[in-house]
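Trainee: Please take a close look at one residue and its surroundings, and then at the main pocket. Keep it brisk.

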Amino acid sequence: MPTKDTRRSLATSALAAGGLLGGFAVARRSHNRQLGGAVLAAVGVACTTQWQKSSGSARAGALLGTYLVAFGASHPLAKRIGAWPAVVAVSAATAAASTAVST
């Protein structure tokens, strides 16, 4: 059975992916990019807080950077493979990075 820290790490990884997916979904559904950005930012703050508690400031900063780069990378990637596939891809990559780096 996974330890409490492992479960928390997996939950935070899922939350990070959900923030990217949810932010995009909210922006798309509401036609309000700022609202989607607010979702993205709120989840980013929540994840960063948890990453800092579990893994320290340096790793939290690296994972926040990963989250933000994923958001930025989804835009040019969407031109190649489509919006939803791009968001799914960067969300999966962010979750994988979070799982690998956080303790």
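Mentor: Ser30 sits in helix α1. Keep in mind that this is a predicted model. Is Ser30 buried, partly exposed or exposed? Ser30 counts as partly exposed because its relative accessible area is 34%, between the 20% limit for buried and the 50% limit for exposed.

Next, its polar partners. The Ser30 side chain reaches the backbone oxygen of Val26 at 2.6 Å. A polar atom of that same Ser30 side chain lies 3.2 Å from the backbone nitrogen of Asn32. So both pairs qualify as polar contacts, given the 3.5 Å cut-off.

For a sense of distance, take Ala93. Ser30 and Ala93 are 63 residues apart along the chain. Their C-alpha atoms are separated by 26 Å.

Helix α1 also leads to the pocket. It spans residues 4-30. It gives five residues to the lining of the largest pocket, the largest share. Three further helices, α2 (33-55), α3 (57-81) and α4 (83-101), each supply at least two lining residues.

How much space does the largest pocket hold? It holds about 410 Å³. The lining is made up of 16 residues, and the closest to the pocket centre are Phe24, Ala27, Arg33, Phe71 and His75. By class, nine lining residues are nonpolar, five are polar and two are charged.

Conventions: Residues numbered from 1 in each chain as written. Predicted model: local features only at pLDDT ≥ 70, side-chain atom pairs only at ≥ 80, totals over all residues. Heavy atoms only, no water. 1 Å grid on protein atoms, 1.4 Å probe; cavity = no way out; pocket = protein on both sides within 12 Å on 5 of 7 lines; lining within 4 Å. Points joined across faces, edges and corners; volume = space filled by probe spheres on them. Helix = DSSP H or I, 4+ residues; strand = E, 2+ residues; numbered from the N terminus. Nonpolar A, V, L, I, M, F, W, Y, C, P; charged D, E, K, R; others polar. Buried < 20%, exposed > 50% of the residue type's maximum accessible area, 1.4 Å probe, protein only. Polar contact = N/O pair within 3.5 Å; in protein donor to acceptor, adjacent residues only side chain to side chain.
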